[in-house]
Amino acid sequence: MSKNTNYSTKYLLASSVFAVSALAPTNALAQVKDGAETNGIEELVVTASRREERLQSVPQSISVVTPDQLTTANVVDTRQIASLSPSVKYQAGSLTTTQVLTMRGVGTFASGIGLQTSVGVAQDGVTAARIAASTPDLVDIERVEVLMGPQGLLFGKNSAAGLINVITKKPSREFEAIGRMVAGSMGERQMSVVGNVPVGESMSLRAVMWNNQNDGFIDTINQPGADRGNRNSSGARLAASWAPSDKFDIHVSGQWTKQNDDGAASAIVTFVPGNFTAANRGAEIYANELAQGIMPSFFNRTVSNEAHQFHRARNDLYRIDANCHCVGSDTLTFSASQGDTFYEDVFDPLNINSNYGAKIGTSIDRDKTKFTQRTYELRLASPSDRPIRYLIGVYADTLKIDNEFEIDVFGNVPTSARLLANTKMNSHSEAIFGQATWAVTDSFRITGGARYTWDEIDAHVIRNPVGTPAVIIPGFNSPGTTFGALDASGKVSNRAWSGRASLDYDLAPGTMVYAAYARGYKAAGTLIAPTVTASTLSLTGGIVNPEYSTLYEAGIKGSFFGHRLVINAAVFQETFKDFQVSLRLPTVTPAFAVQNAAEAQSTGVELSAAARIGQGLTLNFAGSYVHARFTDFKNASCFAGQTAAQGCVGGQQDATGNQLPNAPKFNVTASLNYERPVMDNVAVFFGTSIFHQSKVLYDLANDPRQVQSGYETVNASIGFKTLDDRAKVTFYVRNLFDKYYLDRIALASSGINYLGFPSYGSFRTFAVGLDLSF
């Protein structure tokens with residue numbers, strides 16, 4: 001293993017005019033194929049406006065990932081989309097609720113069951129209520145649409161920074177039988193089967209089953225063979241389509257998925273001797289690690305303890321869509337869905353190394369959550385070929401969450417004790433929305449739309465210590481935090497407008513320029529949670545107010561030389577007001593809670609290009625420059641060890657100007673793919689890609705010890721296939737030059753060390769895949 005300002009809106013819009021004359025939103029265009037007649041780049045269709053449209057004619061920044069791209073890159077997980085769409089980033093979390101997706105440098109930098117997400121993930125247009133239900137496996141996928149900027153107008157409240165929409169394949173009128181198997185190093189195993197059957201003259205059925213696995217990559221020296229980081233994900237999907245007449249069609253589907261893994265695996269990268277105290281036993285733990293041959297460093301991936309951490313999740317999703325072409329030439333669509341999610345996070349250190357495990361004051365944590373989301377939507381859409389086309393609709397959803405939380409504390413505390421808590425939350429949302437496009441001339445169009453949303457959240461927590469009046473949970477550099485009995489409720493409701501407006505103009509056939517404005521909305525939240533303190537509720541009222549985003553964007557989309565070359569570019573500035581983030585409360589003893597006390601801004605440029613060069617050779621490029629920072633954040637927490645000279649006064653700092661976490665300035669991906677027939681019915685193919693990410697900070701307070709320097713990774717694949725695509729064998733190598741990197745660096749809760757979180761992609765791996773279709 002090898003080792004390793006501020007732009008104004010006017011300036012941005014003016015810059016876009018210069019961009020128009022040179023290049024021409026956004027990110028990775030799909031891997032290209034031969035056109036049916038032009039031998040050009042495949043024309044892509046998207047549903048960003050809740051109707052099918054050509055990607056090149058939609059006046060907003062969109063990245064599309066196709067099934068060919070997923071297969072070529074051997075990507076099977078929504079969290080891996082970042083390697084194909086540069087403006088998207090994923091950050092691992094120790095718990096299910098602390099995973100973070102960011103887009104253009106902005107995401108949700110606060111966790112809790114009563115808080116919404118900033119980057120939404122939808123499947124077939126249904127946006128998941130929480131991130132625990134929003135990282136589906138990418139099996140039998142039609143495409144993945146990455147929509148930049150606020151998407152609340154047509155997709156709802158949880159997409160103030162953007163949306164990833166996973167579109168699954170629908171039943172067709174053709175018989176299909178498809179199988180895929182992949183086996184590789186580090187225990188990689190993928191298996192999937194797809195069957196599609198037409199039934200009679202008007203019905204079709206499609207069934208999918210899959211299982212994806214990989215072994216762990218963090219070595220446990222006291223438990224040989226029990227490496228951490230393993231993952232086992234499986235699922236099935238059944239869909240049916242029925243079209244009894246030209247006027248009516250209906251589509252129903254059910255999906256069932258399970259996931260078991262070790263959570264985000266980590267190892268110690270460095271100790272902080274300045275934080276060692278008698279209470280946290282830092283010096284003793286440090287000496288014990290060294291005695292066992294573990295040398296903390298950026299490249300360390302060995303741990304000594306046998307603590308058992310695991311994550312289990314189950315997601316069930318049911319959906320129905322009915323279309324009636326019965327209102328003149330308009331289409332009336334009714335959609336309904338129900339999602340049932342259960343997840344459990346457990347950290348059990350009872351078997352921790354006996355040299356010091358019983359002394360360090362740790363705990364067994366169990367966090368079980370079940371939630372049910374139901375959505376209902378009714379839309380009326382005009383035909384797309386009218387001078388004025390429109391879409392109007394009404395929407396409603398309900399969400400019920402039931403959380404059981406348990407902590408058993410032992411060692412180095414006044415007494416061993418148990419803390420039990422049950423939190424219930426109900427939310428309800430209703431909205432009315434509409435969007436219209438007016439084709440003023442054949443080359444000039446005006447689009448506008450708005451959404452009015454009403455939200456209500458009601459939460460209640462009951463917390464009880466067992467066998468003691470209060471439980472002390474160990475914490476950073478102190479004996480811990482005391483939690484007593486609590487019976488508290490919180491309720492918040494609000495109303496908000498969101499919307500979008502754009503102008504687009506055809507400079508020439510195949511070349512369009514546009515300018516757009518959008519307003520996003522992230523719903524209010526509640527701080528009612530298992531470990532909330534009474535003082536926090538008293539100071540904040542247990543409420544987090546809504547967050548609003550405003551986007552200005554301009555760009556160009558152009559295709560040239562018979563669609564053999566496609567170039568898209570966009571410039572943008574997005575401002576987030578009342579940004580929901582953890583801040584210092586006005587208390588004598590430092591205390592922090594999620595509140596609305598910051599303003600953030602993301603400014604940047606996105607560029608993508610795809611070219612067909614000769615027979616069988618294609619090139620793809622996608623890159624982004626993003627400057628995401630706080631523009632007003634005066635009461636942020638200090639990082640560990642921050643001094644007064646570094647700006648820490650009274651436990652807080654002015655973080656105005658700080659870079660947002662998980663927001664590298666530069667991201668670039670480029671690929672080359674070549675295919676050549678070598679026999680009557682056989683072709684060989686080759687593909688390679690390079691991904692670059694600049695330096696990234698992982699801490700909200702910009703802790704200099706939580707930084708990943710810039711790096712590059714190279715992937716490659718080679719294989720052969722039949723010209724009719726019925727059989728294909730592919731050999732893969734991921735991270736060819738074995739460039740080790742960390743997806744996250746975090747300060748441990750004890751405060752005595754930092755933990756590094758690598759991922760499966762941090763290592764060089766090899767695999768071979770077989771694809772068959774009939």
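**Exercise 1. Which residues are linked with Glu-377 in a network of salt bridges?**

Solution. This is a predicted model, in which local features need pLDDT of at least 70, side-chain atom pairs count only at pLDDT 80 or more, and totals for chains, interfaces and linings use all residues. Residues are numbered from 1 along each chain as its sequence is written, and side-chain values use heavy atoms, with hydrogens and water left out.

Step 1. The criterion is a side-chain nitrogen of Lys or Arg within 4 Å of a carboxyl oxygen of Asp or Glu. Side chains of opposite charge can pair when their charged atoms come close.

Step 2. Between Arg-379 and Glu-377, the closest N and O atoms are 2.5 Å apart, and the two residues form a salt bridge.

Step 3. The burial classes are buried (under 20% relative accessible area), exposed (over 50%) and partly exposed (in between), with a 1.4 Å probe and protein chains only. Arg-379 and Glu-377 are both buried.

Step 4. The network of salt bridges links Glu-377 with Arg-50 and Arg-379.

**Exercise 2. State the number of salt bridges, then characterise the pairs Arg-312 with Glu-344 and Arg-726 with Asp-724.**

Solution.

Step 1. The count comes to 29 salt bridges.

Step 2. One of them joins the side chains of Arg-312 and Glu-344, at 2.1 Å from N to O. Arg-312 belongs to strand E19 (residues 308-327) and Glu-344 to strand E20 (residues 330-348), so the pair ties together parts that are 32 residues apart in sequence. Strands (E, at least two residues) and helices (H or I, at least four) are DSSP runs, numbered from the N terminus.

Step 3. Arg-312 is partly exposed, with a relative accessible area of 35%, whereas Glu-344 is buried at 5%.

Step 4. In the salt bridge of Arg-726 with Asp-724, the closest N and O atoms are 3.6 Å apart. Arg-726 is partly exposed at 42% relative accessibility, and Asp-724 is partly exposed at 41%.

**Exercise 3. Identify the disulfides and describe the geometry and setting of each.**

Solution.

Step 1. With a disulfide taken as a pair of cysteine sulfur atoms within 2.5 Å, the count comes to two.

Step 2. Cys-324 is joined to Cys-326, with an S to S distance of 1.9 Å. This link of Cys-324 and Cys-326 is right-handed, with 135 degrees about the S-S bond. Cys-324 is partly exposed at 22% relative accessibility, and Cys-326 is partly exposed at 45%.

Step 3. Cys-638 is joined to Cys-648, with an S to S distance of 2.1 Å. The link of Cys-638 and Cys-648 is right-handed, with 100 degrees about the S-S bond. Both cysteines lie in the loop between strand E35 (636-637) and strand E36 (652-653), so the pair ties together parts that are 10 residues apart in sequence. Cys-638 and Cys-648 are both buried.

Step 4. With bonded cysteines counted along the chain, the pattern is 1-2, 3-4.

**Exercise 4. Describe the surroundings of Asp-249 and the polar partner of Asn-568.**

Solution.

Step 1. Asp-249 is placed in strand E16 (residues 248-261) and is partly exposed at 23% relative accessibility.

Step 2. Contact requires heavy atoms within 4.5 Å. Beyond its neighbours within four places in sequence, Asp-249 is in contact with Trp-242, Ala-243, Asp-321, Ala-322, Asn-323 and His-325. Asp-249 and Asp-321 are 72 residues apart in sequence, and their C-alpha atoms are 8.4 Å apart in space.

Step 3. A polar contact is a pair of N or O atoms within 3.5 Å; within protein, one must be able to donate a hydrogen and the other to accept it, and residues adjacent in sequence count only if both atoms are side-chain atoms. The side chains of Asp-249 and His-325 make such a contact at 3.4 Å.

Step 4. Asn-568 lies in strand E32 (residues 565-584) and is buried at 0% relative accessibility. A polar contact of 3.0 Å joins its side chain to that of Gln-56.
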